[in-house]
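Q: Please take a close look at a single helix in this model and how it packs against its partners. Keep it brisk.

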Amino acid sequence: MSKIDIHHLTKKQRKQMHGWLRAIIQLLYFLFLPSAYTAAFAGVKYIFTQLGAGEKIGLTSFVSVLIVLCLYTIVFGRFFCGFACAFGSFGDAVHFVYVWICKKIKKKPVKLPETVTSKLSMVKYVVLAVIVLLCFKGVYSQTQGYSPWDVFSMLHAFNFKLGGYLLGIVLLVLIMVGMALQERFFCRFLCPMGAVFSLLPMLPFFTLKREREQCIKGCSACTKQCPSDIGLPEAGSLDVSGDCFQCQKCIDTCPRMNIHCGLPGIKGMK
């Protein structure tokens, strides 16, 4: 069997291949490394719990995971969110199924209006601040049963002993409704770990940029395709958006194929 030369594939074929590649990577992380998100955020909670108690902060396994993911994000951007986070991948699957069902029944998918999404974008920082405050005060443990991602982690591990997690179940169901209506709903609006990542100073080397002068006048295909509704910075710009999940979807959407990383010769996905 001859090797596939991606340079001879049509735009549609490249887009399909990249879509399948990303889905396979997400599935592998979902099946075999689902706890990376919870481990990293456990590190955040541990740090502020220790600070509040006036105790020494040790280099626990949770803190180590947090440091590694933060350093990786600073250098490469939020690839973890776009490819490796189990909860983000779950949201992608929920949204895909909803859109697929709408196509089958020939109904236009309902989507949250931009006026709503623009206001919701700050909620994740409020969620992070509340959790940090609860940890600092030493009362976070009293909120057991409220966390939707704890419920998700238990279900993922086939642990159905959810007694006392009623509020967490309700919140998870409501989040799933949001995931269906809006791509990356939880990641954009509610994820406290996403808030941590978006606050990090990211280097521009792997940030996606566009050759603005080569764009078709009035074209905004990349922004429309972006789950975060982000406009790409121009080539040479040092601007980095902390809300970019590095999903790379904009690359194959561009009709001129002029989206690339900050490093010369790298389009993305490589």
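A: What follows centres on helix 3 and then turns to a few other parts of the chain.

The model is predicted. Helix 3 covers residues 61-76. Two of its partners are described here, helix 2 and helix 11.

Start with helix 2, residues 36-53. Its axis and that of helix 3 come within 7 Å and cross at roughly 110°. An angle from 65 to 115 degrees counts as roughly perpendicular. Helix 2 and helix 3 are therefore roughly perpendicular to each other. On the helix 2 side, the contact is made by Ala36, Ala39, Ala40, Ala42, Gly43, Val44, Tyr46 and Ile47. Helix 3 answers with Phe62, Val63, Val65, Leu66 and Leu69. By class, twelve residues of this contact are nonpolar, one is polar and none is charged. Gly counts as polar, and Gly43 is among the helix 2 residues listed.

Now helix 11, residues 192-199. Here the axes come within 9 Å and cross at roughly 50°. That angle makes helix 3 oblique to helix 11. The crossing is right-handed. Helix 3 contributes Leu66, Leu69, Cys70 and Thr73 to the contact. Helix 11 contributes Met193, Val196 and Phe197. The class count is six nonpolar, one polar and no charged residues.

Leu66 and Leu69 deserve a second look. Both take part in the contact with helix 2, and both also take part in the contact with helix 11. An α-helix has 3.6 residues a turn, so residues three or four places apart point the same way.

The record adds context. An unreviewed UniProt entry annotates residues 56-74 as a transmembrane region, along with 20-44, 80-101, 122-140, 160-178 and 185-206. In the model, the span 56-74 is 74% helix and 0% strand. Its end C-alpha atoms lie 26 Å apart. Another annotated span, 160-178, is 68% helix and 0% strand, with end C-alpha atoms 23 Å apart.

Elsewhere, helix 8 spans residues 148-156. Its buried residues include Pro148, Trp149, Val151, Phe152 and Met154. Just after helix 8, Phe158 takes a positive phi of about 60°.

Lys104 offers a contrast in exposure. Lys104 sits in helix 5, residues 86-104. Its relative accessibility is 56%, so Lys104 counts as exposed. The C-alpha atoms of Lys104 and Phe30 are separated by 27 Å, and the two residues are 74 apart along the chain.

Technical notes
Residues are numbered from 1 along each chain as its sequence is written. This is a predicted model: local features need pLDDT of at least 70, side-chain atom pairs count only at pLDDT 80 or more; totals for chains, interfaces and linings use all residues. Side-chain values use heavy atoms; hydrogens and water are left out. Axes are lines fitted to C-alpha atoms, for helices over the stretch in contact, and angles run from 0 to 180 degrees between N-to-C directions. Helices (H or I, at least four residues) and strands (E, at least two) are DSSP runs, numbered from the N terminus. Angles under 35 degrees count as roughly parallel, over 145 as roughly antiparallel, 65 to 115 as roughly perpendicular and the rest as oblique. A crossing is left-handed if the near helix is turned anticlockwise from the far one by less than a right angle, and right-handed if clockwise. Contact means heavy atoms within 4.5 Å. UniProt positions are given in the numbering used here, feature names are shortened, and annotations may be inferred rather than shown by experiment. Buried means under 20% relative accessible area, exposed over 50%, partly exposed in between (1.4 Å probe, protein chains only).
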